[in-house]
Amino acid sequence: MWRAYSDMKEANWKNSDKYFHARGNYDAAQRGPGGAWAAKVISDAREGIQRFTGRGAEDSRADQFANEWGRSGRDPNHFRPAGLPSKY
């Protein structure tokens, strides 16, 4: 998850947030049940904090959808924005 977050910051690419959410959760879940559990805990905490600090509930729901998508083993590239460098 940290790698996806770091890549998101480095890429600084418009409309890439959901892709990196999905990718981070996907990568964590590939490490086994403990990875999927940790990804859920971290994702839920992150979204809870952001909602508490005033970030929109609609965006949080969309983030959580991407988180669950990745954790379930589905392809994060579903959320990949056009033109994002292949490095990511």
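Helices here are DSSP runs of H or I with at least four residues, numbered from the N terminus. By that count, Asn77 lies in the segment after helix 4. The model is predicted. The protein has 4 helices and 0 strands. Along the sequence the pattern reads α-α-α-α.

**Overall form**

- The radius of gyration of the protein is 12 Å, which agrees with the value near 12 Å for a compact globule of 88 residues.
- Along the principal axes, the C-alpha atoms fill a box of roughly 30 × 30 × 20 Å.
- Of the 88 residues, 39% count as buried.
- The protein exposes about 5500 Å². Carbon and sulfur atoms supply 56% of that area.
- Among contacts with a separation of 6 or more, 61% join residues 24 or more positions apart.

**Helix 2 against helix 4**

- Helix 2 covers residues 17–29, and helix 4 covers residues 57–71.
- The two pack at an angle of about 35°. Their axes are 7 Å apart.
- The crossing of helix 2 with helix 4 is right-handed.
- From helix 2, the residues in the contact are Asp17, Lys18, His21, Ala22, Asn25, Tyr26 and Ala29.
- They meet Asp59, Ala62, Asp63, Ala66, Asn67, Gly70 and Arg71 of helix 4.
- By class, the residues of this contact divide into 5 nonpolar, 4 polar and 5 charged.

**Asp63, on the helix 4 side**

- Asp63 sits in helix 4. Its relative accessible area is 0%, and buried means under 20%, so Asp63 is buried.
- Leaving out residues up to four places away in sequence, Asp63 touches Asp17, Lys18 and His21, among others. These three belong to helix 2 and to its contact with helix 4.
- The other residues that Asp63 touches, with the same neighbours left out, are Arg46, Glu47, Gln50 and Arg55.

**Tyr26, on the helix 2 side**

- Tyr26 is found in helix 2. Its relative accessibility is 25%, so it counts as partly exposed; that class runs between the buried limit of 20% and the exposed limit of 50%.
- With neighbours within four places in sequence set aside, Tyr26 is in contact with Gly70, Arg71, Gly73, Arg74 and Pro76. Gly70 and Arg71 are part of the helix 4 side of the packing.
- Tyr26 and Ile42 are 16 residues apart in sequence. Their C-alpha atoms are 13 Å apart in space.

**Positive phi between helix 1 and helix 2**

- Most residues other than glycine have a negative phi.
- Asn12 has a positive phi, near 50°. Asn12 lies in the loop between helix 1 (2–11) and helix 2.
- With a relative accessible area of 69%, Asn12 is over the 50% cut-off and therefore exposed.
- Asn15 has a positive phi too, near 65°. The place of Asn15 is also the loop between helix 1 and helix 2.
- With a relative accessible area of 62%, Asn15 is likewise over 50% and so exposed.

**Asn77, after helix 4**

- Is Asn77 buried, exposed or partly exposed? At a relative accessible area of 40%, Asn77 is partly exposed.
- Asn77 and Ser16 are 61 residues apart in sequence. In space, C-alpha to C-alpha, Asn77 and Ser16 are 10 Å apart.

Conventions:
Residues are numbered from 1 along each chain as its sequence is written. This is a predicted model: local features need pLDDT of at least 70, side-chain atom pairs count only at pLDDT 80 or more; totals for chains, interfaces and linings use all residues. Side-chain values use heavy atoms; hydrogens and water are left out. Axes are lines fitted to C-alpha atoms, for helices over the stretch in contact, and angles run from 0 to 180 degrees between N-to-C directions. A crossing is left-handed if the near helix is turned anticlockwise from the far one by less than a right angle, and right-handed if clockwise. Contact means heavy atoms within 4.5 Å. Ala, Val, Leu, Ile, Met, Phe, Trp, Tyr, Cys and Pro count as nonpolar, Asp, Glu, Lys and Arg as charged, and the others, Gly among them, as polar. The radius of gyration is taken over C-alpha atoms; the globule rule is 2.2 Å times the number of residues to the power 0.38. Buried means under 20% relative accessible area, exposed over 50%, partly exposed in between (1.4 Å probe, protein chains only). Accessible areas come from the Shrake-Rupley method with a 1.4 Å probe; for residues, only the protein chains shown count as cover.
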